[in-house]
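Could you walk me through this protein, starting with the overall picture and then going into the details? I'm new to it.

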Amino acid sequence: MKNFMLALLALVAIVVYSSVFVVQEGERGIVFQFSKIQRDAAGAVVVFEPGLHFKLPMIENVRTLDAKVQTLDDPADRFVTAEKKDLLVDSYVKWRIKDFGKYYLSTGGRTDRAENLLKQYINNGLRTEFGTRTIQQIVSGERTELMTRALAQAGKGSEELGIEILDVRVKKINLPDEISNNIFQRMRAERTAVAKEHRARGMEQAEIIRADVDARVTVMVAEAERNSRTTRGEGDALAAKVYAEAYNKNAEFFSFVRSLEAYNRSFNSKSDILVVQPDSDFFQYMKSQQKN
């Protein structure tokens with residue numbers, strides 16, 4: 001009898017334990033009866049809030065769903081702008097389950113499937129918004145409006161999944177590598193052309209300045225040469241005048257002095273050899289001195 005009571009108590013404990021389930025905070029529970037979702041009198045799916053609940057043991061089972069805010073952050077995707085330019089857009093989405101019954105019926109309670117469907121709605125909304133704007137409009141300040149409209153378009157589709165989209169944000173917008181390289185090469189070519197133009201203008205200005213300076217130097221040298229010749233001519237004329245006046249005063253003495261100067265210059269260097277006939281006029285004053 002005692003063993004029977006113990007077995008009965010154990011059976012009751014097992015039944016009580018299997019009829020009780022707990023839904024944790026941040027989760028919601030859905031009860032299935034023979035793999036069929038439990039519904040209320042109005043036909044809506046019964047969703048259990050966090051807390052302690054009861055179910056029929058061995059007949060009903062519970063599936064919990066995450067009610068917290070989820071983040072969808074996939075790799076960057078490619079979009080085309082209004083001017084048919086490709087952009088790599090890195091974005092993320094904040095979402096959560098709003099209608100747990102509809103969510104389970106549309107996705108089977110699988111988060112990966114829900115995010116794949118949600119990504120299609122988000123990409124369609126972003127693709128539409130990027131397709132109506134140029135790169136300049138996207139970068140210059142219309143990003144907030146773009147995300148707001150993309151959120152509104154994606155929200156319409158996500159309602160069918162029982163999902164509420166809380167936010168759509170674009171983290172980074174880049175050009176594809178091949179386009180970035182082409183833009184870089186074009187910018188480099190433009191900068192090179194501008195540099196060549198500035199260099200050519202600089203060389204032209206340098207030639208102009210150099211030619212102007214050369215012309216001024218030529219004029220200055222010519223003027224200096226003219227002034228020097230004028231001064232030299234004036235000096236020669238003055239010297240000739242002095243010589244002429246001296247000659248007129250005493251021609252014989254002037255001729256004697258000039259001969260002495262010629263002797264001095266002729267016999268100044270011992271290495272010089274002078275071949276002159278003794279009866280030459282060059283030695284007339286020497287001959288006169290010998291006679292005396």
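Here is a tour that goes from the whole chain to its core, its ring pairs and its charged pairs.

Keep in mind from the start that this is a predicted model. The protein has 292 residues, and 22% of them count as buried. Its secondary structure comes to eight helices and ten strands. About 20800 Å² of the protein is exposed, with carbon and sulfur atoms supplying 55% of that area. To get a feel for how the chain comes back on itself, take the contacts between residues at least 6 apart in sequence: 64% of these join residues at least 24 apart.

Let's go inside next. In soluble globular proteins, nonpolar side chains tend to be buried together. Here the largest nonpolar core has 32 residues, and the members that touch the most others are Ile30, Trp95, Ile122 and Phe130. Several elements give two or more residues to this core: strand 2 (27–33), strand 9, helix 2 (100–107), helix 3, helix 5 (143–158) and strand 10. Keep Phe130 in mind, as that residue comes back shortly.

Now for the rings. The structure holds four aromatic pairs, and two of them are worth a stop. In the pair of Phe21 and Phe48, the ring centres are 5.3 Å apart and the planes sit at 90 degrees, which makes the pair edge-to-face, because planes over 60 degrees apart count that way. Phe21 belongs to strand 1 (residues 20–23) and Phe48 to strand 4 (residues 47–48), so this pair links distant parts of the chain, 27 residues apart. Are these two rings buried or exposed? Phe21 is buried, at 8% relative accessibility, and Phe48 is buried too, at 14%.

The other pair is Phe79 with Phe130, and this one is stacked: the centres are 5.4 Å apart, with 15 degrees between the planes. Again distant parts of the chain are linked, with Phe79 in strand 8 (residues 77–80) and Phe130 in helix 3 (residues 111–131), 51 residues apart. Phe79 has a relative accessibility of 1% and counts as buried. Phe130 is likewise buried at 1%, and you have already met it among the core residues that touch the most other members.

Stay in helix 3 for a moment, where you will also find Arg127. With a relative accessibility of 38%, Arg127 counts as partly exposed. Which residues does Arg127 touch, leaving aside its neighbours within four places in sequence? The answer is Asp77, Arg78 and Phe79. Arg127 and Asp77 are 50 residues apart in sequence, yet their C-alpha atoms are 9.9 Å apart in space.

On to the charged side chains. Side chains of opposite charge can pair when their charged atoms come close. This structure holds eleven salt bridges. One of them joins the side chains of Arg96 and Glu164, at 3.2 Å from N to O. Arg96 is in strand 9 (residues 86–97) and Glu164 is in strand 10 (residues 163–174), so this bridge ties together parts that are 68 residues apart in sequence. Both partners are partly exposed: Arg96 has 32% relative accessibility, and Glu164 has a relative accessible area of 27%.

Other bridges stay within one element. Arg201 pairs with Glu197, their closest N and O atoms being 2.6 Å apart. These two are four residues apart in helix 6 (residues 177–249), so about one helical turn separates them. Arg201 is partly exposed at 47%, as is Glu197 at 40%. Helix 6 also holds Glu207 and Arg210, which are three residues apart, about one turn of the helix. Their side chains meet in a salt bridge at 2.9 Å, N to O. Here too both ends are partly exposed, Glu207 at 49% and Arg210 at 43%.

The last stop is helix 7 (residues 251–266). At 1.5 Å a residue, its 16 residues should span 22 Å, and the end C-alpha atoms are indeed 22 Å apart, so the two values agree. Within helix 7, Phe254, Ser259 and Tyr263 are buried.

Key
Residues numbered from 1 in each chain as written. Predicted model: local features only at pLDDT ≥ 70, side-chain atom pairs only at ≥ 80, totals over all residues. Heavy atoms only, no water. Phe/Tyr/Trp six-rings, centres within 6.5 Å; stacked < 30°, edge-to-face > 60°. Buried < 20%, exposed > 50% of the residue type's maximum accessible area, 1.4 Å probe, protein only. Expected span 1.5 Å × (residues − 1). Salt bridge = Lys/Arg side-chain N within 4 Å of Asp/Glu carboxyl O. Core = buried A, V, L, I, M, F, W, Y, C linked by side-chain atoms within 4.5 Å. Contact = heavy atoms within 4.5 Å. Areas by Shrake-Rupley, 256 points an atom, 1.4 Å probe, with all protein chains shown as cover.
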